[in-house]
Amino acid sequence: MGFELKQHFQIESARFLPHLDKNHPCSRMHGHSFKVILVLRGKLDPKLGWLRDYHEISQIAAKVLDKLDHRVLNEISGLENPTSENISAWLYWQFKPLLPELFEVSVQETPLTECTFRPSAGDPSYP
Ligand SMILES: [Zn+2]
């Protein structure tokens, strides 16, 4: 294996989980400061000595994460049921064409929870 880069981002988003019992707190509209962690794997550029420029990753991430930041996730196509699982997979497939070295995406909805999506063999664009 070559190198692995991780870069963390944060967005603020609102959501509710529409398939839960009404007594479940997540069935109500509420907000999270979601942390998004991108993990890239690949080989070093022999001249530059890095896998990918963190600054470039930040610029790409800003474009993708703007689709979710300060928005109601349920209103976004593909995120009608915005669990951490669905958010991490949605983000993976948004980022993959822009960051071919992307290996996995993790989403933390609180500092104590984390969900990771990594495609399985057979999924489209399997790395
Ligand atoms: Zn929640």
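Is arginine 15 buried or exposed? Arginine 15 counts as buried, because its relative accessibility is 0% and the cut-off for buried is under 20%. Keep this residue in view while reading the model, which is a predicted one. Arginine 15 returns at several points below.

Start with the metal. The zinc ion is coordinated by three residues: Arg15 through NH2, His30 through NE2 and His32 through NE2. The distances run from 2.0 to 2.5 Å. Along the chain, the donors follow the spacing R-x14-H-x1-H. Two of these residues, arginine 15 and histidine 32, link distant parts of the chain. Arginine 15 sits in strand β1, histidine 32 in strand β2, and 17 residues separate them. Histidine 32 is buried too, with a relative accessible area of 13%.

Arginine 15 also has a charged partner. Its side chain meets that of glutamate 109 in a salt bridge, at 3.1 Å from N to O. This pair again links distant parts of the chain. Glutamate 109 lies in the loop between β3 (102-108) and β4 (115-117), while arginine 15 belongs to strand β1. The two are 94 residues apart.

Now turn to serine 84. This residue is found in helix α2. Serine 84 counts as buried, at 7% relative accessibility. Which residues does serine 84 contact, leaving aside its neighbours within four places in sequence? They are Arg15, Val107, Glu109 and Cys115. Both partners of the salt bridge just described, arginine 15 and glutamate 109, are thus on the contact list of serine 84.

Helix α2 leads to the next feature. Helix α1 covers residues 54-65 and helix α2 covers residues 84-95. They pack at an angle of about 125°, and their axes are 11 Å apart. That angle makes α1 oblique to α2, because it falls neither within 65 to 115 degrees nor over 145. The crossing is right-handed as α1 passes α2. Which residues meet between the helices? From α1 come Ile60, Ala61, Val64 and Leu65. From α2 come Leu91, Gln94 and Phe95.

Return to the charged pairs. How many salt bridges does a search of the whole structure find? The search finds seven. One of them joins arginine 41 and glutamate 4, with the closest N and O atoms 2.7 Å apart. Arginine 41 lies in strand β2 (residues 30-42) and glutamate 4 in strand β1 (residues 3-15), so this pair ties together parts that are 37 residues apart in sequence. Arginine 41 is partly exposed, at 32% relative accessibility. Glutamate 4 is also partly exposed, with a relative accessible area of 31%. The pair does not stand alone: Glu4, Lys6 and Arg41 are linked in a network of salt bridges.

Another salt bridge joins the side chains of arginine 118 and glutamate 104, at 2.5 Å from N to O. Arginine 118 lies in the segment after β4 and glutamate 104 in strand β3, so the pair ties together parts that are 14 residues apart in sequence. Is each partner buried or partly exposed? Arginine 118 counts as partly exposed, at 45% relative accessibility. Glutamate 104 is buried, with a relative accessible area of 11%.

End where the reading began. Arginine 15 is buried, coordinates the zinc ion, forms a salt bridge with glutamate 109 and is in contact with serine 84.

Conventions: Residues numbered from 1 in each chain as written. Predicted model: local features only at pLDDT ≥ 70, side-chain atom pairs only at ≥ 80, totals over all residues. Heavy atoms only, no water. Salt bridge = Lys/Arg side-chain N within 4 Å of Asp/Glu carboxyl O. Helix = DSSP H or I, 4+ residues; strand = E, 2+ residues; numbered from the N terminus. Buried < 20%, exposed > 50% of the residue type's maximum accessible area, 1.4 Å probe, protein only. Donors = N, O, S within 2.8 Å, 3.2 Å for Na, K, Ca; no water. Axes fitted to C-alpha atoms, helices over the stretch in contact; angles between N-to-C directions. Parallel < 35°, antiparallel > 145°, perpendicular 65-115°, else oblique. Left-handed = near helix turned anticlockwise from the far one by under 90°. Contact = heavy atoms within 4.5 Å.
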